[in-house]
Amino acid sequence: DFHEILKTVNERKAEFGIDIVYCPHPNWANPLAEFMGLNEGIAWLDGDQAKPSADNPVNKDFFLFMNELYREGLLYKEYLAQRPEDFFQQVRSGKVFAASYNTGLAADVNKVFDESGISGQLVPVTKALPWKGETKFQPMDGNIGWASCFISKDVSDPKRAIRYMEFLKSPEGDALTQWGIEDTHYTLDENNLLVRPEGFSALTGTETGIGPWYFMASGLGEGVAVSSGVNNPDQKAAEYSKYGIDLLQFRKAAYARNPVLYFATNFSVDLPEYEIRVKINTEYTQWRAKIITAETAEQAEQLYDDMMEAFRAAGLADWEKVMTDSYNTAAERYK
């Protein structure tokens, strides 16, 4: 159905004032891959073996489908080469029919549309699109975090710096840096969601302190702040937030978590297999672009087969053995 909608829009681009039918973010995981059962960039378990996403056979379906969209003129042909800032500029122009990024995209873009007088809205897809008649959607969280923090060796009192960071990561610090000051920037309702005062949405981060003091978002602090947008007295701001909440709730219902997968792909840089990992990951990005932009379906399929042969020749099996060993070691510790 999604494919047919894109075709219809492509046929009527001039009528709709559309330049680009579908524009994915160049770096973020693609939800179409997730609908096919592929979690890009995340290790996966093939029986008792841990393998990189580059060796997931679902890649073939995803790449060939993206190639089909490319050849039909439905996929923005420059998406793999564009910078993230180019992506946002394109989507906010009102000339893009469908786009994929994160759960806040619709809220961000619709606000820009309203402020710019652009007619229309982005509406999130909150239904698992089946692939070949089967629902395979199960987004995987295989991470243990998303940021790192460092203390300069020039700091005179590192213990004090550590205590300060411990406060920022405490429940009190989390609430202060992400929600603001209670009874000034918010009150809590019966569901422990934030109720913002009149005029809050017009305040800047400099005025509230929320943002400049934002410290490595926690799922709880950030999740409550995002979900509380429906309580905003500004009706438009409440509408923007609801789209993100609907999408978060849809994804949460299907989410799976396995933080041990992180250790399958993050092992000692001193091991010779680490060089294999770097080589294949680098080449994977290049092969993906070649396959998706192939001139024919037959050429795309041949390029995919060539890619896998190149990975095997580069030592894929050796890399996967280390991945499996690392995963099993971490799994025992995690118990």
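**Exercise 1. Lys51 and its surroundings**

Task: In this predicted model, find the strand that holds Lys51, decide whether Lys51 is buried or exposed, and list what Lys51 touches beyond its sequence neighbours.

Solution:
- Step 1. Locate the residue. Lys51 belongs to strand β3, which covers residues 49-51.
- Step 2. Check the accessibility. The relative accessible area of Lys51 is 13%. Buried means under 20%, so Lys51 is buried.
- Step 3. Look for a polar partner. The side chains of Lys51 and Asp46 make a polar contact at 2.9 Å.
- Step 4. Collect the contacts. With neighbours within four places in sequence set aside, Lys51 is in contact with Ala43, Trp44, Asp46, Glu320 and Met323.

**Exercise 2. Met323, a contact of Lys51**

Task: Which helix holds Met323, and which residues does Met323 touch when those up to four places away in sequence are not counted?

Solution:
- Step 1. Met323 is placed in helix α15, a helix made of residues 316-334.
- Step 2. The relative accessibility of Met323 is 0%, so Met323 counts as buried.
- Step 3. Not counting residues up to four places away in sequence, Met323 touches Ala43, Ala50, Lys51, Pro52, Ala264, Thr265 and Phe267. Ala43 is also among the contacts of Lys51.

**Exercise 3. Sequence separation and distance in space**

Task: For the pairs Ala317 and Lys51, Met323 and Pro57, and Glu115 and Ile291, set the separation in sequence beside the C-alpha to C-alpha distance.

Solution:
- Step 1. Ala317 and Lys51 are 266 residues apart in sequence, and their C-alpha atoms are 9.2 Å apart.
- Step 2. Met323 and Pro57 are also 266 residues apart in sequence, but the distance here is 18 Å.
- Step 3. Glu115 and Ile291 are 176 residues apart in sequence and 39 Å apart in space.
- Step 4. Place two of these residues. Ala317 is in helix α15, and Glu115 is in helix α6, residues 105-116.
- Step 5. Check their accessibility. Exposed means over 50%. Ala317 has a relative accessible area of 56%, so Ala317 is exposed. Glu115 has 58%, so Glu115 is exposed.

**Exercise 4. A buried acidic residue in a loop**

Task: State where Asp55 lies, whether Asp55 is buried or exposed, and what Asp55 touches.

Solution:
- Step 1. Asp55 is in the loop that connects β3 and α4, the latter being residues 58-71.
- Step 2. Asp55 has a relative accessibility of 15%, so Asp55 counts as buried.
- Step 3. Leaving out residues up to four places away in sequence, Asp55 touches Trp44, Met308, Leu316 and Glu320. Trp44 and Glu320 are also in contact with Lys51.

**Exercise 5. Nonpolar cores**

Task: Which residues of the largest nonpolar core touch the most other members?

Solution:
- Step 1. The largest nonpolar core has 69 residues.
- Step 2. Within this core, Leu69, Met307 and Phe311 touch the most other members.
- Step 3. Another core, of 5 residues, lies apart from it; among its members are Ala175, Trp179, Tyr186 and Val224.
- Step 4. Take Leu69 in detail. Beyond its neighbours within four places in sequence, Leu69 is in contact with His3, Leu6, Tyr22, Leu32, Leu74 and Leu75.
- Step 5. Recall the general tendency: in soluble globular proteins, nonpolar side chains tend to be buried together.

**Exercise 6. Positive phi values**

Task: What are the phi values of Lys132 and Asn192, and where does each residue lie?

Solution:
- Step 1. Start from the general rule: most residues other than glycine have a negative phi.
- Step 2. Lys132 is not a glycine, yet its phi is positive, about 55°. For Asn192, also a residue other than glycine, phi is positive and near 60°.
- Step 3. Lys132 is in the loop between α6 and β5 (140-141). Asn192 is in the loop between β6 (187-188) and β7 (194-195).
- Step 4. Lys132 has a relative accessible area of 65%, so Lys132 is exposed. Asn192 has 51%, so Asn192 is exposed.

**Exercise 7. The whole chain**

Task: How many helices and strands does the chain have, and what percentage of its residues counts as buried?

Solution:
- Step 1. The chain has 15 helices and 8 strands.
- Step 2. Its C-alpha trace spans about 60 × 60 × 40 Å along the principal axes.
- Step 3. The chain has 335 residues, of which 41% count as buried.
- Step 4. There are 33 positive and 50 negative side chains, and the centres of the two sets are 1 Å apart.

Technical notes:
Residues numbered from 1 in each chain as written. Predicted model: local features only at pLDDT ≥ 70, side-chain atom pairs only at ≥ 80, totals over all residues. Heavy atoms only, no water. Helix = DSSP H or I, 4+ residues; strand = E, 2+ residues; numbered from the N terminus. Buried < 20%, exposed > 50% of the residue type's maximum accessible area, 1.4 Å probe, protein only. Lys, Arg positive; Asp, Glu negative; His and termini not counted. Charge placed at Lys NZ, Arg CZ, Asp CG, Glu CD. Polar contact = N/O pair within 3.5 Å; in protein donor to acceptor, adjacent residues only side chain to side chain. Contact = heavy atoms within 4.5 Å. Core = buried A, V, L, I, M, F, W, Y, C linked by side-chain atoms within 4.5 Å.
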